[in-house]
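Student: Could you walk me through this one before I start on it? I'd like to look at some helix contacts and then at a single residue.

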Amino acid sequence: MPEATTINETEIARLWREYKDSRSPKARRLLIERFAHLVSITAGRLLGPLPSGIERDDLISSGIVGLIKAVDQFDPERGIKFETYAITLIRGAILEMLRGDDWVPRLVRDQQKQLKNAYVKLEVQLGRPATEEEIVEELGITLDKLDKMLLNIGRANLLSLDDMRMGSEQQRVSDLVPTDAPGPLDSVAMRERKRALAASIDKLPDRERLVVALYYHEGLTFKEIGAVLNVSESRAYQLHAQAVLRLRGYLENEAELFP
């Protein structure tokens with residue numbers, strides 16, 4: 001993967017004009033090279049430990065396809081930052097590749113559903129997020145078994161807010177970001193969706209909420225999050241998996257916001 005080419009903002013704007021006006025192959029190549037680093041960043045943040053059978057180069061190759069698509073389709077006149085637009089397409093290309101491989105064992109899918117249901121059930125009963133000890137008691141398993149389940153689910157299922165699918169059309173949270181200026185109704189719907197997501201995050205236990213903030217807002221890796229929390233990278237990954245399982249459960253109750 002080539003390193004990002006050093007070009008100032010004025011030169012980038014010129015390249016965009018040149019490419020969109022004349023479809024210059026040279027301008028296209030320079031833009032791809034300039035933003036190539038977005039592929040490595042996105043691939044690195046989508047996964048902690050790589051699932052069995054998946055190589056980092058596979059992620060990079062799919063991400064490059066997404067980057068090229070972003071360069072070809074981007075409209076500088078919309079007033080959207082290219083980085084934001086490109087990361088969405090890069091992430092989508094990588095996730096589609098992984099889903100298409102269908103390497104996730106049925107057992108892991110069943111464990112994900114079992115855990116999510118347990119989190120929802122106990123929270124309704126207790127009026128607060130269930131602890132790990134309460135989850136293992138509900139499921140009749142050990143803490144070690146829960147740890148292994150969370151690692152398997154996290155590795156196999158890319159538990160990410162951006163990959164959550166909700167509603168009758170299975171929308172992703174990333175799909176909720178508008179590409180054009182929204183109309184009044186769209187603005188209200190977007191505001192309510194953001195409210196639902198924010199309210200759901202607020203319900204999380206403190207450490208899980210912090211993991212979500214560090215990962216999605218600050219852009220830290222799981223290794224860096226582990227250092228902040230003074231836990232291992234795997235433990236940070238488990239906390240993230242738990243947080244997203246809870247959020248899946250919370251947002252199912254807001255299905256009317258995601259038609």
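Student: Which residues in α6 meet which in α7?

Tutor: In this predicted model, the α6 side of the contact is made of Q114, L115, A118, Y119, K121, L122 and L126, and these meet E134, I135, E138 and L139 in α7. By class, the residues of this contact divide into seven nonpolar, one polar and three charged.

Student: And where do those two helices sit in the sequence?

Tutor: Helix α6 covers residues 106–126 and helix α7 covers residues 132–139, and their axes come within 10 Å of each other, crossing at roughly 110 degrees.

Student: So what do we call that arrangement, parallel or perpendicular?

Tutor: Roughly perpendicular, because angles of 65 to 115 degrees are counted that way, and the crossing of α6 past α7 is right-handed.

Student: OK, switching to α10 and α12, at what angle do they pack?

Tutor: Helix α10, residues 206–217, packs against α12 at an angle of about 100 degrees, with the two axes 9 Å apart. That value makes α10 roughly perpendicular to α12, and the contact between α10 and α12 has eight nonpolar, two polar and four charged residues.

Student: Which residues are they?

Tutor: From α10 there are R207, E208, V211, V212, Y215 and Y216, and they meet R235, A236, L239, H240, Q242, A243, V244 and R246 in α12.

Student: Let's stay with R246 then, is it buried or exposed?

Tutor: R246, which is found in helix α12 (residues 233–252), is buried, because its relative accessible area is 3% and the cut-off for buried is under 20%.

Student: What does R246 touch?

Tutor: Leaving aside residues up to four places away in sequence, R246 touches Y119, P129, A130, L204, P205 and E208. Two of these have come up already, since Y119 is among the α6 residues that meet α7, and E208 is among the α10 residues that meet α12.

Student: Zooming out, how many helices and strands are there in the chain?

Tutor: The protein chain has 12 helices and two strands, and along the sequence the pattern reads α-α-α-α-α-α-α-α-β-β-α-α-α-α.

Student: And how much of the chain is buried?

Tutor: Of the 259 residues in the protein chain, 46% are buried. The chain exposes about 13,700 Å², of which carbon and sulfur atoms supply 51%.

Student: Last one, what share of the contacts is between residues 24 or more positions apart?

Tutor: Taking the contacts in the protein chain with a separation of 6 or more, residues 24 or more positions apart account for 67%.

Terms used. Residues are numbered from 1 along each chain as its sequence is written. This is a predicted model: local features need pLDDT of at least 70, side-chain atom pairs count only at pLDDT 80 or more; totals for chains, interfaces and linings use all residues. Side-chain values use heavy atoms; hydrogens and water are left out. Helices (H or I, at least four residues) and strands (E, at least two) are DSSP runs, numbered from the N terminus. Buried means under 20% relative accessible area, exposed over 50%, partly exposed in between (1.4 Å probe, protein chains only). Contact means heavy atoms within 4.5 Å. Accessible areas come from the Shrake-Rupley method with a 1.4 Å probe; for residues, only the protein chains shown count as cover. Axes are lines fitted to C-alpha atoms, for helices over the stretch in contact, and angles run from 0 to 180 degrees between N-to-C directions. Angles under 35 degrees count as roughly parallel, over 145 as roughly antiparallel, 65 to 115 as roughly perpendicular and the rest as oblique. Ala, Val, Leu, Ile, Met, Phe, Trp, Tyr, Cys and Pro count as nonpolar, Asp, Glu, Lys and Arg as charged, and the others, Gly among them, as polar. A crossing is left-handed if the near helix is turned anticlockwise from the far one by less than a right angle, and right-handed if clockwise.
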